[in-house]
There are 2 protein chains.
Amino acid sequence: MSSLTVNLPQNSYEIAIASGNLSQLGSQMQQLNLGKKVLLISNPEIFNYYGDICLKSLENAGFEVFKHLIPAGETYKHLQSIEKVYDTALANRLERSSTLVALGGGVIGDMTGFAAATWLRGVNFVQVPTSLLAMVDASVGGKTGVNHPRGKNLIGAFYQPKLVLIDPDVLNTLPEREFRAGMAEVIKYGIIWDEDLFTKLEQASNIDSFQTIEQELLATILIRSCQAKADVVSQDEKESGIRAILNYGHTIGHAVESLTNYQEFVHGEAVAIGMVAAGKIAVNMGLWTATEAQRQDALIKKSQLPIEIPSTLKLNDILSTLQSDKKVKAGKVRFVLPTTIGKVIITDKVTEEVILKALY
Amino acid sequence: MSSLTVNLPQNSYEIAIASGNLSQLGSQMQQLNLGKKVLLISNPEIFNYYGDICLKSLENAGFEVFKHLIPAGETYKHLQSIEKVYDTALANRLERSSTLVALGGGVIGDMTGFAAATWLRGVNFVQVPTSLLAMVDASVGGKTGVNHPRGKNLIGAFYQPKLVLIDPDVLNTLPEREFRAGMAEVIKYGIIWDEDLFTKLEQASNIDSFQTIEQELLATILIRSCQAKADVVSQDEKESGIRAILNYGHTIGHAVESLTNYQEFVHGEAVAIGMVAAGKIAVNMGLWTATEAQRQDALIKKSQLPIEIPSTLKLNDILSTLQSDKKVKAGKVRFVLPTTIGKVIITDKVTEEVILKALY
């Protein structure tokens, strides 16, 4: 059992990581001085696997529990789904001291967090991530939100959970493709923050499947990834500075996701493609060595993740989509670029020419 | 020219009060290190009066300004109006450093604040209140939001403005009824916080019209009301404790508004009715003297505000509506009750019997 703390000026919180944690949800929440009512939010598949154990744990701890299911998938990540959560919250008379618990992947976590941030101007929020991606990335850091018809996560809020509870055992039911997608973010932490994590991944016999990965390595991955994210977020809660390094691979990744209408790639796959592209940009600008960029690309391939932008996408469309990214500042697209494994810089000095060269 | 500061752990901000301030909007915002783009949000009537002077001031200060109008009135205070703001923000490529400026009363302020809180997970926000109610209450304190079909302000966020800019001259175009409604909140500050303000209002020759009120008294009212609100909010940004005293008169007030479908009373009028009822409860519970309660009621009458619950409302409906109030904690309705002019307590020990007696 590992426990990390995300230290923030206000609203610090714990990330509890342990096999079998799901059945401890109620007792762990009991210690947080929350109100009696809990609304558990999930999707039907995840709830089918893990709903009962969570409900039981919460009820045994004395909570009055309600549930609300949202159909699975990014296509339901919109304001209309949030409005339905509001209706359930109202019907069950949730109060400001009540808690929304997100049981699911990044989509459920982002939506539940946004509903928690905006119902009664903010109720309590607990994350129980069930995908690798959500465990190492989405559930830590307080970014919540939904998609706008014309862009991903454009509507949202920074809102911190009271607790992130991670149980690696639940990855057993995660589709292998989703496991690999989560590994993209793990590799990202290796590049931007933790050279040692990167080396461990390189040395591992395999990292592309929950069924074959060593359990000890998986534990290390979860802890070090959450630690990396917690370190960065603690220094910069609302992305005014260093937090932007977490967007490594996401600038082009988001554009690829958006232009393929979120149909062709899951998020981690798009990030993998984005990291390879960002690596090329860094090499072309003389910031990073080709050798290290190749090590990154090799690790991405080892995870069975895609590395190439689909040839069906028009380069000009990618450039224009980059311009509408949330991270644009004074009209300039900002890139996170590696200088060595474990270290990156943020720059808005990437010319269109250099971007195009990397995209070919 | 007066300037007050709302001190918060993070996000402190100024309230600037001065005749002629509207034309200083651009230069005052210039000092805040905001991005270049500004989206001015207003309703057609207010924009017709004051839009041009604001736009000109902002443009002269070098901002690139867009506008978005929302039809006037509480009936448009819903999520669908916010979605239209998002669309305008997207069309004009607003960035995280951009600013939404609310030019209007409480409805425009609350909606603009909520849009600012949730677009790109938070852009900058400036309040330019044009009603007395918004000046002394809604614009200070960071409460933002919209109505749910079944309840007022159930959807929202705490989100602080970067600046509140008040120009008393704009009250010249405010309907008299709205001026009186704002006076209800001013009287509230007298009861809950500032005995001296209460006495000044008692001594004034009249307080029920902008056209006849002494300008010096009006300046005092604005400054002291904002100061009272700033004092309270500084101590308790998110209403976990003392801030709840600002809800004096609002518990029953909200129920009356809600049960009359927001058609019969404007907010301040409902608060006036709620204060009279809360006063009766306090007297009946032996917390407050009948003499002081009468002084409160006399001041409310002097402002030409209503004091009685409409006889068309059923008392049981009021009781049941109280139960769904945001301020309910562990199922108990909390009341703010005066103990002397300038001082109140918060209690959940008011029995239904006592409530019913006060409502008769």
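**Exercise 1. Find the salt bridge partner of A:Lys229 in this predicted model.**

Solution. Start at A:Lys229 and look for the acid it pairs with: A:Lys229 forms a salt bridge with A:Asp137. Next, check the gap: the closest N and O atoms of A:Lys229 and A:Asp137 are 2.7 Å apart. That sits inside the rule, which asks for a distance within 4 Å.

**Exercise 2. Work out which domains chain A is split into, and how far apart their centres lie.**

Solution. Begin with the bounds: the domain assignment gives domain 1 as 2-173 and domain 2 as 176-359 of chain A. Then take the C-alpha centres of domain 1 and domain 2 of chain A, which lie 26 Å apart. Finally, count who takes part in the contact: 30 residues come from domain 1 of chain A and 31 residues from domain 2 of chain A.

**Exercise 3. Describe the interface between domain 1 and domain 2 of chain A, starting with its buried area.**

Solution. Domain 1 and domain 2 of chain A bury about 2700 Å² between them, with 66% of that coming from carbon and sulfur atoms. On the domain 1 side, A:Leu132, A:Val136 and A:Lys152 lose the most area to domain 2 of chain A, together making up 23% of what that side buries.

Now for the polar side of things. The rule finds 2 salt bridges across this interface of domain 1 and domain 2 of chain A. There are also 7 residue pairs in polar contact between domain 1 and domain 2 of chain A, counting pairs with both residues at pLDDT 80 or more. As for the elements involved, β1 (2-6), β2 (13-17), α5 (132-138) and β8 of chain A each give at least two residues to the domain 1 side that touches domain 2. Sorted by class, that domain 1 side has 16 nonpolar, 10 polar and 4 charged residues.

**Exercise 4. Now do the job again for chain A and chain B: how many residues does each chain bring to the contact?**

Solution. Chain A brings 37 residues and chain B brings 37 residues. Together the two chains bury about 3400 Å², 52% of it on carbon and sulfur atoms. Look for salt bridges between chain A and chain B and you get 0. Polar contacts do turn up: 8 residue pairs between chain A and chain B, both residues at pLDDT 80 or more. On the chain A side, the elements giving two or more residues are α3 (79-91), α4 (106-118), β7 (143-148), β8 (151-158) and α12 (315-323). The class count for that side of chain A is 14 nonpolar, 11 polar and 12 charged residues.

**Exercise 5. Explain how chain A and chain B are related by a rotation.**

Solution. Turn chain A by 180°, with 0.0 Å of shift along the axis, and it superposes on chain B with an RMSD of 0.0 Å. The two copies are therefore related as by a two-fold rotation axis. Now compare the surfaces: 100% of the interface residues of chain A are also interface residues in chain B, so the copies meet through the same surface.

**Exercise 6. Count the salt bridges over all chains, then trace the one made by A:Lys77.**

Solution. The structure holds 22 salt bridges over all chains. In one of them, A:Lys77 pairs with A:Asp110, their closest N and O atoms being 2.8 Å apart. This pair links distant parts of the chain, 33 residues apart: A:Lys77 is in the loop between β4 (64-69) and α3 of chain A, while A:Asp110 is in helix α4 of chain A.

Methods. Residues numbered from 1 in each chain as written. Chains lettered and ligands numbered in written order. Predicted model: local features only at pLDDT ≥ 70, side-chain atom pairs only at ≥ 80, totals over all residues. Heavy atoms only, no water. Contact = heavy atoms within 4.5 Å. Buried area = accessible area lost by both parts, 1.4 Å probe. Salt bridge = Lys/Arg side-chain N within 4 Å of Asp/Glu carboxyl O. Polar contact = N/O pair within 3.5 Å; in protein donor to acceptor, adjacent residues only side chain to side chain. Helix = DSSP H or I, 4+ residues; strand = E, 2+ residues; numbered from the N terminus. Nonpolar A, V, L, I, M, F, W, Y, C, P; charged D, E, K, R; others polar. Domains from an automatic or database assignment. Least-squares fit on C-alpha atoms with pLDDT ≥ 70 in both.
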